[in-house]
Amino acid sequence: VFAEKGPYKHFMAKETHEQPIVLADAFARYLAPHRSEVHLPEEVDFAGCERIVMVACGTAHYACHVAKYWFESLAGIPVEIDVASEFRYREPPVGPGTLGIFVSQSGETADTLAALRYLKGRGGRSLAVVNVETSTIARESDVALPILAGPEIGVASTKAFTCQLALLACLAILAARQRGAIDGAGEAGRVEELRALPGLMATALTLEPAIAEIARDVSHARDVLFLGRGPMYPLALEGALKLKEISYIHAEGYASGELKHGPIALVDEAVPVIVLAPSDALFDKTVSNMQEVLARGGRALLVSDAAGIEAAGAGAWRTLAMPRAAPLVAPILYAVPAQLLAYHAAVFKGTDVDQPRNLAKSVTVE
Ligand code: G6P
């Protein structure tokens, strides 16, 4: 079933729409069936872990970036993230208290594999988060966990990203439990938030016609900015990456608070600014950054939930009302508008969505 496009024009569209199903499959494996607990193999052990380093490339690196917020805030473990091509050469210190988490859809990315070998060579423990269970990175890691996304054919990663995030969220909850940072009720609450995710994803996917409308306008832009705070910051980076990969529109993702340290100089009516701001503790701050864009004649698309859109008031160029989501799952859910916006902008431009120029699905050479 995975190697056929079915009713879809592109694998990317099919894989985007598979997300509710593959996420439900992943949760069937990683959440306990009759209890509100995460359920992971016993060898996954954060007890003696002094720090985590998370290493990956491309979209998988942005999944690490989101997970850093979770491991730090839920479990209190310091997390360092790096792109594999930097980690492998910058001679980072690694000790027995270091757990390396290597995230890779293919499990064959040359730089990520080299980073894993570097860490192992210096006595670190390793955990691989992969889609391809038989891959080299899975085989060479101390522990390997599959994200269960099924084969991903489109070069631009979609369901692998959200399944990486789903598994990393489960790992962060386990780490919090093992370190006494969360009690049973706290774990149950987070687990029920995860269980709600596939349904929320399905609802978000019904927004496709509205997102396609917005994408039609965005497809005429030369430059696009994505803004987000907290775990929505890496989503801004991922949204920008998706757009540039398949539509060839120049896009940048920024932490909202950095707007006034540079990118605001680019803002005018020709540069759409996409603001990813679910109603959460950081919402007001992100919206105040959006107001700075509007005050300078910029066009902002506010992606939020109904309550957030109402609270932000009038003035945005466009709004997109997402289903309301708990803070833990919002960054996973907000991958959907990022993916669909890039997809439809690319379709309007007529680019080769599944095989974008100059890119490869798996980069097995340096
Ligand atoms: C390539 C792909 C990206 C992917 C990255 C890392 O650049 O085009 O979609 O995110 O490699 O791949 P991996 O298989 O390690 O996740």
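Two strands pair if DSSP finds at least two bridges between them. Helices (H or I, at least four residues) and strands (E, at least two) are DSSP runs, numbered from the N terminus. This is a predicted model: local features need pLDDT of at least 70, side-chain atom pairs count only at pLDDT 80 or more, and totals for chains, interfaces and linings use all residues. Residues are numbered from 1 along each chain as its sequence is written.

**View 1. An open sheet has 5 strands.** Read across the sheet and the order is β7-β6-β8-β9-β10. The pairing is parallel. At the edges stand β7 (250–255) and β10 (318–322), and each of these pairs on one side only. On average, neighbouring strands of this sheet are turned by 20 degrees against each other, direction ignored. (Axes are lines fitted to C-alpha atoms, for helices over the stretch in contact; angles run from 0 to 180 degrees between N-to-C directions.)

**View 2. Strand β9 pairs with edge strand β10.** Strand β9 covers residues 299–305. Its pairing with β10 is parallel and runs over 5 bridges. Look for L301: its bridge partner in β10 is R318. Helix α11 (residues 283–295) lies across β6 (223–228), β8 (272–276) and β9. The helix runs at about 160 degrees to β9.

**View 3. W317 sits in a loop.** The loop joins α12 (306–312) to β10. W317 touches R299, A300 and L301, leaving aside residues up to four places away in sequence (contact: C-beta atoms, placed from the backbone, within 7 Å). Is W317 buried or exposed? W317 counts as partly exposed because it has 17 C-beta neighbours inside 10 Å. (Buried means 20 or more other C-beta atoms within 10 Å of a residue's own, exposed means 12 or fewer, and partly exposed lies in between.) G123 is 194 residues from W317 in sequence. In space the two are 53 Å apart, C-alpha to C-alpha.

**View 4. Helix α5 turns several residues inward to buried positions.** Helix α5 spans residues 110–121, 12 in number. From its first C-alpha to its last, it reaches 16 Å. Which residues of α5 are buried? They are D111, T112, L113, A115, L116, Y118 and L119. Their cover includes β1 (51–56), α4 (84–87), β3 (98–104), β4 (125–130) and α6 (136–140). Just after α5, G123 takes a positive phi of about 85 degrees.

**View 5. Strand β4 is covered on both faces.** Of its 6 residues, 6 are buried. One side carries R125, L127 and V129. The other side carries S126, A128 and V130. Strand β4 pairs with β3 in the parallel sense over 6 bridges. F102 stands opposite A128 in β4.

**View 6. E86 is an exposed residue of helix α4.** E86 counts as exposed because 12 other C-beta atoms lie within 10 Å. E86 and A295 are 209 residues apart in sequence. Their C-alpha atoms are 39 Å apart in space.

**View 7. A shell of 16 residues lies around the ligand.** Which residues come nearest? They are G58, S104, Q105, S106 and T109. (A residue is near a molecule if its C-beta atom, placed from the backbone, lies within 6 Å of it.) Helix α3 (residues 58–75) gives the most to this shell, with 3 residues.

Definitions and conventions. Expected span 1.5 Å × (residues − 1). Contact = placed C-beta atoms within 7 Å.
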